[in-house]
Amino acid sequence: MRSIAAFLLLLVACPARTEVTLVQVIKSENKMLLMDGQKVVKTYHIALGASPKGHKMQEGDQKTPEGRYILDYKKEDSAYYRAMHLSYPNSRDRAQAEVRGVSPGGFIMVHGQRNGLGWFAPLTQRFNWTQGCIALSNSEMDDFMALVQTGTPIEIRW
């Protein structure tokens with residue numbers, strides 16, 4: 001009986017560690033999945049750029065990029081609560097924009113709500129309202145920042 005109690009205590013004292021190995025964004029469903037290998041750890045409803053269909057082609061097009069990027073740094077002094085930066089534009093994005101003679105844009109983030117407007121998230125998260133970023137509610141952003149480490153890949157698709 002003592003060994004069963006010790007085993008149960010060990011399970012409670014040492015919870016399983018979840019490691020997010022990939023963030024998947026499905027733009028057509030306004031959905032973000034945090035993955036640990038093939039296992040879905042967490043699912044979020046997200047808001048995107050105001051014109052979400054298609055890959056971001058240039059600054060100001062209000063599109064969220066598509067493809068594989070890296071979440072490369074956390075930003076705690078964001079105008080949108082808290083944020084984590086995507087490595088957009090990559091060299092391919094820059095080359096394509098150069099051919100078209102436009103700026104590819106940049107500073108694409110996963111972020112919370114505009115500072116001071118977090119209470120508005122139940123309404124804002126029903127619409128695609130960003131300039132090309134991926135938005136969560138502030139409480140979801142806290143959760144995201146705790147679970148996702150810098151260097152984690154993010155795959156974004158329609």
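## Salt bridges, ring pairs and strands

Asp-143 is partly exposed, with a relative accessible area of 25%. In this predicted model, Asp-143 forms a salt bridge with Lys-42, and the closest N and O atoms are 3.2 Å apart. This pair links distant parts of the chain: Asp-143 belongs to helix α4 (residues 138-147) and Lys-42 to strand β3, 101 residues apart. Lys-42 is partly exposed too, at 33% relative accessibility.

The protein has four helices and eight strands. Starting at the N terminus, the order of elements is α-β-β-β-β-β-α-β-α-β-α-β. Of the 158 residues, 40% are buried.

**Salt bridges**

Eight salt bridges are present in the structure. Three of them are listed here, with the distance between the closest N and O atoms.

| Acidic residue | Basic residue | Closest N and O atoms |
|---|---|---|
| Asp-143 | Lys-42 | 3.2 Å |
| Glu-66 | Lys-27 | 3.0 Å |
| Asp-77 | Lys-75 | 2.8 Å |

The bridge between Glu-66 and Lys-27 also links distant parts of the chain, with Glu-66 in the loop between β3 (39-45) and β4, Lys-27 in the loop between β1 (22-26) and β2 (31-36), and the two positions 39 residues apart. Lys-27 is buried, at a relative accessible area of 1%, whereas Glu-66 is partly exposed at 22%. Asp-77, the partner of Lys-75, is exposed, with 61% relative accessibility. In addition, a network of salt bridges links Glu-76, Arg-82 and Asp-142.

**Strands β4, β5 and β6**

Strand β5 pairs with β4 in the antiparallel sense over four bridges, and with β6 in the antiparallel sense over three bridges. In the pairing of β4 with β5, Lys-75 stands opposite Ala-83; on the β6 side, His-85 is opposite Met-109. Ala-83 and His-85 point one way from β5, while Met-84 and Leu-86 point the other way; all of these residues are buried.

**Aromatic pairs**

Two aromatic pairs are found in a search of the whole structure. In one of them, Tyr-69 and Tyr-88 have ring centres 5.8 Å apart and planes at 70 degrees; because edge-to-face applies to angles over 60 degrees, the pair is edge-to-face. Tyr-69 is in strand β4 (residues 67-75) and Tyr-88 in the loop between β5 (83-86) and α2, so that the pair links distant parts of the chain, 19 residues apart. Both residues are buried, Tyr-69 with a relative accessible area of 3% and Tyr-88 with 2%.

The other pair is Tyr-80 and Trp-129, with ring centres 6.1 Å apart and planes at 35 degrees, and therefore tilted. Tyr-80 lies in the loop between β4 and β5, and Trp-129 in the loop between α3 (121-124) and β7 (134-135), so the pair ties together parts that are 49 residues apart in sequence. Tyr-80 is partly exposed at 25% relative accessible area, and Trp-129 is partly exposed at 26%.

**Nonpolar patch**

Leu-117, Trp-119, Phe-120, Leu-123 and Phe-127 make a nonpolar surface patch of about 530 Å². Trp-119 is located in the loop between β6 (109-111) and α3. Because exposed means over 50% relative accessible area, Trp-119 counts as exposed at 62%.

**Ends of helix α2**

At the start of helix α2 (residues 91-100), a side-chain oxygen of Asn-90 comes within 3.1 Å of the backbone nitrogen of Arg-92. Gly-101 follows α2 and has a positive phi, near 70 degrees.

Definitions and conventions. Residues numbered from 1 in each chain as written. Predicted model: local features only at pLDDT ≥ 70, side-chain atom pairs only at ≥ 80, totals over all residues. Heavy atoms only, no water. Polar contact = N/O pair within 3.5 Å; in protein donor to acceptor, adjacent residues only side chain to side chain. Phe/Tyr/Trp six-rings, centres within 6.5 Å; stacked < 30°, edge-to-face > 60°. Buried < 20%, exposed > 50% of the residue type's maximum accessible area, 1.4 Å probe, protein only. Patch = residues over 30% accessible without salt bridge, like charges linked within 9 Å, V, L, I, M, F, W, Y side chains within 5 Å. Areas by Shrake-Rupley, 256 points an atom, 1.4 Å probe, with all protein chains shown as cover. Salt bridge = Lys/Arg side-chain N within 4 Å of Asp/Glu carboxyl O. Pairing = 2+ DSSP bridges.
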